[in-house]
Amino acid sequence: MTGIGPVEPGEDTLVRDALPPRPRGRLALRYERHRRTVLASGAVLVVLAGGGYLYASRSQPRPAPPPPYPSQAVDLVYVAPATGSPGAMAGTYSFTVLLSVRSGPPVTVTRLTQPYDGLSVTSSPAAPFQTKSHSARKIIVTLRVTECEKAPRNPGLPFLDVTLRNARAIEAHSFILGARYAQDLSRALEVACSNHSR
């Protein structure tokens, strides 16, 4: 071999094609005819699967915290004895309290009671009543002496039992109204029961 030129096969050698012939079965022929559609469909499936994975694994916003329990959102404070309340009868003591809702959804007072057997309680407004968030409501509570023998003569820390309800829960809560309320209540009970012996 001398000279320059392409390499030629020698004796007893066969020339092979660079690529093997494609199979020509039914499936292969179909693929050949619809190759673009199959590739496009595969690409769409890959994109949808990737998008679905990214959507499912995205960071979720934290849910809003639940509203506070009603007893945690409410203040009940003693204001003063109610003076000049119409229809005041002997043996009754009316006083004013202020119910404030500091935060959260509206709070409904469903019941207002006190712990002493010798006294009954009514309120104006009558329960149930609702107070909106960030507002206050004046409540006139009237205690009526039903039995002087069972009424306390000198209550140390008298309280009111109030059942509260909001969007989160219903709670029965006891509110201690303080020393001034205890003194005013003691005086009122002393006057109401002064004609009775224990």
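## Helices, sheets and local geometry of a predicted model

Apart from neighbours within four places in sequence, Thr-163 contacts Thr-108, Val-109, Thr-110, Arg-111, Ile-170, Glu-171 and Ala-172, where contact means heavy atoms within 4.5 Å. Thr-163 is part of strand 7 (residues 159-165). Its relative accessibility is 16%, so Thr-163 counts as buried; the classes are buried under 20% relative accessible area, exposed over 50% and partly exposed in between, with a 1.4 Å probe and protein chains only. Helices (H or I, at least four residues) and strands (E, at least two) are DSSP runs, numbered from the N terminus.

The model is predicted: local features need pLDDT of at least 70, and side-chain atom pairs count only at pLDDT 80 or more, while totals for chains, interfaces and linings use all residues. Residues are numbered from 1 along each chain as its sequence is written, and side-chain values use heavy atoms, with hydrogens and water left out.

### The sheet with strand 7

Strand 7 belongs to an open sheet of four strands in the order 5-3-7-8, paired antiparallel; two strands pair if DSSP finds at least two bridges between them. Strand 5 (129-131) and strand 8 (170-176) are the edge strands, each pairing on one side only. From one strand to the next, the twist averages 35 degrees. Such angles run from 0 to 180 degrees between N-to-C directions, and axes are lines fitted to C-alpha atoms, for helices over the stretch in contact.

Strand 3 (residues 107-113) and strand 5 run antiparallel and are joined by three bridges. Val-109 has Phe-129 in strand 5 as its bridge partner. Val-109 is also among the contacts of Thr-163.

### The sheet under helix 4

A further open sheet has four strands in the order 1-2-6-4, again with antiparallel pairing. Strand 1 and strand 4 stand at its edges with a single partner strand each, so one side of each has no neighbour in the sheet. The twist here averages 30 degrees from one strand to the next. Six bridges link strand 4 and strand 6 in the antiparallel sense, and Thr-122 has Thr-142 in strand 6 as its bridge partner. Helix 4 packs on this sheet and touches strand 1, strand 2, strand 4 and strand 6; the direction of helix 4 makes about 45 degrees with that of strand 1.

Which residues of helix 4 are buried? They are Tyr-181, Ala-182, Asp-184, Leu-185, Ser-186, Ala-188 and Leu-189. Their cover includes strand 1 (74-81), strand 2 (92-101), strand 4 (119-124) and strand 6 (135-145).

### Helix spans and the pair of helix 1 and helix 2

The expected span of a helix is 1.5 Å times one less than its number of residues. The table sets this beside the distance between the end C-alpha atoms.

| Helix | Length | Expected span | End-to-end C-alpha distance |
|---|---|---|---|
| Helix 4 (residues 179-192) | 14 residues | 20 Å | 20 Å |
| Helix 2 | 22 residues | 32 Å | 31 Å |

Helix 2 is hardly covered, with a count of zero buried residues among its 22 residues.

Two packed helices are described by the angle between their axes and the distance between the axes. Helix 1 (residues 26-33) and helix 2 (residues 35-56) pack at about 75 degrees, with axes 4 Å apart. The two helices are therefore roughly perpendicular to each other; angles under 35 degrees count as roughly parallel, over 145 as roughly antiparallel, 65 to 115 as roughly perpendicular and the rest as oblique. In this contact, Tyr-31, Glu-32 and Arg-33 of helix 1 meet Arg-35, Val-38 and Leu-39 of helix 2. The contact residues divide into three nonpolar, no polar and three charged. Here Ala, Val, Leu, Ile, Met, Phe, Trp, Tyr, Cys and Pro count as nonpolar, Asp, Glu, Lys and Arg as charged, and the others, Gly among them, as polar.

### Loops with unusual backbone values

Most residues other than glycine have a negative phi, and most peptide bonds are trans. The peptide bond from Ser-124 to Pro-125 is cis, with omega near 5 degrees. The bond from Ala-127 to Pro-128 is also cis, with omega near 5 degrees. Pro-125 is in the loop between strand 4 and strand 5, and Pro-128 lies in the loop between strand 4 and strand 5 as well.

Ala-126 also has its place in the loop between strand 4 and strand 5. Ala-126 is exposed, with a relative accessible area of 52%. Its C-alpha atom is 8.9 Å from that of Ile-139, 13 residues apart along the chain.

His-134, in the loop between strand 5 and strand 6, is not a glycine but has a positive phi of about 60 degrees. With 66% relative accessibility, His-134 counts as exposed.
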